[in-house]
Amino acid sequence: MARKKHSKPEIENALRYAEAHGWKVKPGGSHAWGKIYCPYNSNECRCGEFCISSIWSTPKNTGTHAKQIKRVVDNCTARKDKDNET
C-alpha cells in the first residue's frame with residue numbers, strides 16, 4: 001500500500017529522496033506528520049541520533065525543512081561507511 005503524500009511538494013520530494021536511499025517513511029505521530037527511519041540502524045551510528053528524524057506537517061520554512069531531511073540522509077555515517085567499502 002502506498003504511503004500518504006506530504007502536502008508540501010518540496011518535503012514530498014525530500015521524502016522520495018530518502019526512500020530512494022533506503023530510508024523508511026512512516027506517516028503519523030502526535031506532533032509530527034511522520035518520521036523517517038535509517039535502513040542501517042547501526043549501534044555505531046552517532047548513538048542513534050540520526051537514525052530517526054521527525055517530519056513536520058507545517059514547518060516554518062518548507063525549503064529549509066526539505067534540505068534538513070536530505071542532509072540527514074546524506075550525512076548518515078553508516079551509509080558513508082558502506083559507500084567507502086565498495
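Trainee: Contact means heavy atoms within 4.5 Å. With that settled, among contacts in the chain between residues at least 6 apart in sequence, what percentage join residues at least 24 apart?

Mentor: The figure is 46%. Keep in mind that this is a predicted model.

Trainee: Noted. What's the order of elements from the N terminus on?

Mentor: The chain runs α-β-β-β-α-α. That makes three helices and three strands.

Trainee: How much of the chain counts as buried?

Mentor: 33% of the 86 residues.

Trainee: And the surface? How much area does the chain expose?

Mentor: About 5,800 Å². Carbon and sulfur atoms account for 47% of that area.

Trainee: On to the inside. Which residues touch the most other members of the largest nonpolar core?

Mentor: Six names: Ile11, Leu15, Trp23, Ile36, Ile55 and Ile69. The core has 16 residues in total.

Trainee: Which helices each supply at least two residues of this core?

Mentor: Helix H1, residues 9-20, and helix H2, residues 62-74. As background, nonpolar side chains tend to be buried together in soluble globular proteins.

Trainee: Let's take Ile36. Where is it?

Mentor: Ile36 sits in strand S2, which spans residues 34-37.

Trainee: Buried or exposed?

Mentor: Buried, because its relative accessibility is 0% and the cut-off for buried is under 20%.

Trainee: What is Ile36 in contact with, leaving aside neighbours within four places in sequence?

Mentor: Leu15, Trp23, Lys24, Val25, Cys51, Ile52, Ser53, Ile55 and Ile69. Look at Ile52 in particular. Its C-alpha is 5.7 Å from that of Ile36, with the two positions 16 residues apart in sequence numbering.

Trainee: Ile69 is on that list. Which element holds Ile69?

Mentor: Helix H2. Ile69 is buried as well, at 2% relative accessibility. Beyond four places in sequence, Ile69 touches Ile11, Ala14, Leu15, Ile36 and Ile55.

Trainee: How far is Ile69 from Ser54, C-alpha to C-alpha?

Mentor: 8.8 Å, for residues 15 apart in sequence.

Trainee: Leu15 keeps coming up. What does Leu15 touch, not counting residues up to four places away?

Mentor: Arg3, His6, Val25, Trp33, Ile36, Ile55 and Ile69. So Ile36 and Ile69 are among the partners of Leu15, and Ile69 touches Ile36 too.

Trainee: Now Ser53. Which strand is it in?

Mentor: Strand S3, residues 52-55. Ser53 counts as buried because its relative accessible area is 17%, and buried means under 20%. Sequence neighbours up to four places away aside, Ser53 touches Gly34, Lys35, Ile36 and Val72.

Trainee: Change of topic: cysteines. How many disulfides are there in the whole structure?

Mentor: Zero.

Trainee: What's the nearest cysteine sulfur to Cys76?

Mentor: That of Cys38, 3.7 Å away. A disulfide needs the sulfur atoms within 2.5 Å, so that pair does not qualify.

Trainee: Is Cys76 buried or exposed?

Mentor: Buried, with a relative accessible area of 3%. Cys51 is buried at 3% relative accessibility.

Trainee: Where is Cys51 found?

Mentor: In the loop between S2 and S3. Tyr40 has its place in the loop between S2 and S3 too. Cys51 and Tyr40 are eleven residues apart in sequence, and their C-alpha atoms lie 8.0 Å apart.

Trainee: And how does Tyr40 count for accessibility?

Mentor: Partly exposed, because its relative accessibility is 31%. That class runs between 20% and 50%.

Trainee: Last topic: rings. How many aromatic pairs does the structure hold?

Mentor: Zero. There are charges over rings to look at, though. The charged end of Lys26 sits over the ring of Tyr37.

Trainee: How far from the ring centre is Lys26?

Mentor: 5.4 Å. Lys70 does something similar: its charged end sits over the ring of Tyr17, 5.5 Å from the centre.

Note on methods
Residues are numbered from 1 along each chain as its sequence is written. This is a predicted model: local features need pLDDT of at least 70, side-chain atom pairs count only at pLDDT 80 or more; totals for chains, interfaces and linings use all residues. Side-chain values use heavy atoms; hydrogens and water are left out. Buried means under 20% relative accessible area, exposed over 50%, partly exposed in between (1.4 Å probe, protein chains only). A nonpolar core is a set of buried Ala, Val, Leu, Ile, Met, Phe, Trp, Tyr and Cys residues joined through side-chain atoms within 4.5 Å. Helices (H or I, at least four residues) and strands (E, at least two) are DSSP runs, numbered from the N terminus. Rings of Phe, Tyr and Trp (its six-membered ring) pair if their centres lie within 6.5 Å; planes under 30 degrees apart count as stacked, over 60 as edge-to-face and the rest as tilted. A charge sits over a ring if NZ of Lys or CZ of Arg is within 6 Å of the ring centre and within 35 degrees of the ring normal. Accessible areas come from the Shrake-Rupley method with a 1.4 Å probe; for residues, only the protein chains shown count as cover.
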